[in-house]
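Here are some friendly notes to help you find your way around this structure. Keep the viewer open as you read, and take the points one at a time.

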Amino acid sequence: MKQVRLGRTGLQVSEICLGMMSYGDPAQRPWALEEAEADPFVKRAVEAGITFFDTADVYSLGASEVITGRLLAKYFARRDDYVLATKVHGRMGDAPNDGGLSRKHILAGIDNSLRRLGTDYVDLYQIHRWDPNTPIEETMEALHDVVRSGKARYIGASSMYAWQFAKAQYIAASHGWTPFVSMQNHYNLVYREEEREMLPLCADQGIGVIPWSPLARGLLAGNRGRGGERRTTRANNDPFGDSLYTEDDFAVVDVNAEVAAERGVTPAQTALAWLLSKPIVTAPIVGATKLNHLDDAIAATELTLDEKEIERLEAPYVPHAISGH
């Protein structure tokens, strides 16, 4: 698999990132796979050349990080052979400081994540969302200290408004602190609002873009139908996903399925190939609970859509209210 630079940095990552949210504790997420079930997915990813893995402390309240650390240590001979990303912000307990982006929570969060992951550092430490209750100066200085301590090599951000991201970058630059090098945002064929402000900002500033939900929580792969039909365990247990998309989006789903059928590939492959056709996109973050999900992602890296196909896929798009923040 091709390795690409993460934005303007010198860091090389695979053009598909394996999202590790799918592996954790099924008692918390009914569709999550435990370690023994997750093992074949990481093995297959490594065999295919995937070197980029993304998790978060809040996924199954740390269980995903534990599984991620164990399996990556099993399938890579050296820690330096893969790129590991995790996140901080989500609530990890009931105490007042068990969530958010305060200095206290960030410094505790990185130590707890490293312990669960079984490593001395993460390559990319990301804020999972914007925290309106903490001054961004406090957050950026704490993240800078995490990098200076050697516990993270780079820092990244996730879904927020473009003005918030620009403000954070300005604060970092004005104080000589570490800036964000990546944006993990909500971007796919049925949600393209990021094209208005965030993606042009990232292109201008050389920020790597690693979209989450590239298949729209499985909608583009066929896990939902019109009228509220739910075809998978994940779709039946994903209220957040239900809040992101509408019946209008099935016009895009239908065209994507048509293009896929004409190509003799799956709808997941065409949806991912569309994302990979965008120069601003570094590596979509793909989740997989069946091996064919992972095989589709790998195959998508070899699928090139022509201009007419891209136009067809984009034509039915309906603007959305901002979601995913």
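1. Let's begin at a glycine: G118, just after α3, takes a positive phi of about 70 degrees. Please keep in mind that this is a predicted model.

2. Now step back into the helix itself. Helix α3 runs over residues 103–117, and its 15 residues, at 1.5 Å a residue, should span 21 Å. The C-alpha atoms at its ends are 21 Å apart, so the expected span and the model agree.

3. Which residues of α3 are buried? They are H105, I106, G109, I110, S113, L114, R116 and L117. These buried residues cover an arc of only 160 degrees around the axis, which means that they sit on the same side of α3. K104 and R115 are exposed, and they lie on the face of α3 turned away from its buried side.

4. What do the buried residues of α3 pack against? Their partners are α2 (63–75), β5 (83–88), β6 and α4.

5. Two of those partners, β6 (122–127) and α4 (136–148), are joined by a loop, and D131 is found there. D131 is buried yet has no salt bridge. The nearest side chain of opposite charge belongs to R91, and that is 8.6 Å away.

6. What does the side chain of D131 reach, then? One partner is the backbone nitrogen of L101, at 2.8 Å. Another is the side chain of T134, which shares a polar contact of 2.7 Å with the side chain of D131. Leaving aside neighbours within four places in sequence, D131 is in contact with H89, G100, L101 and S102.

7. H128 also has its place in the loop between β6 and α4. Is H128 buried or exposed? Its relative accessibility is 11%, so H128 counts as buried, the cut-off being under 20%. Not counting residues up to four places away in sequence, H128 touches A56, V58, Y59, K87, V88, H89, S158 and S159. H89 is thus worth a click in your viewer, since H128 touches H89 and D131 is in contact with H89 too.

8. Finally, have a look at Q12, in strand β2 (residues 12–14). Q12 has a relative accessible area of 38%, so this residue is partly exposed. Beyond its neighbours within four places in sequence, Q12 is in contact with Q3, V4, R5 and V83. From Q12 to A166 there are 154 residues in sequence, and the two are 24 Å apart in space, C-alpha to C-alpha.

Terms used: Residues numbered from 1 in each chain as written. Predicted model: local features only at pLDDT ≥ 70, side-chain atom pairs only at ≥ 80, totals over all residues. Heavy atoms only, no water. Helix = DSSP H or I, 4+ residues; strand = E, 2+ residues; numbered from the N terminus. Buried < 20%, exposed > 50% of the residue type's maximum accessible area, 1.4 Å probe, protein only. Lys, Arg positive; Asp, Glu negative; His and termini not counted. Salt bridge = Lys/Arg side-chain N within 4 Å of Asp/Glu carboxyl O. Polar contact = N/O pair within 3.5 Å; in protein donor to acceptor, adjacent residues only side chain to side chain. Contact = heavy atoms within 4.5 Å. Expected span 1.5 Å × (residues − 1). Arc of directions from axis to C-beta.
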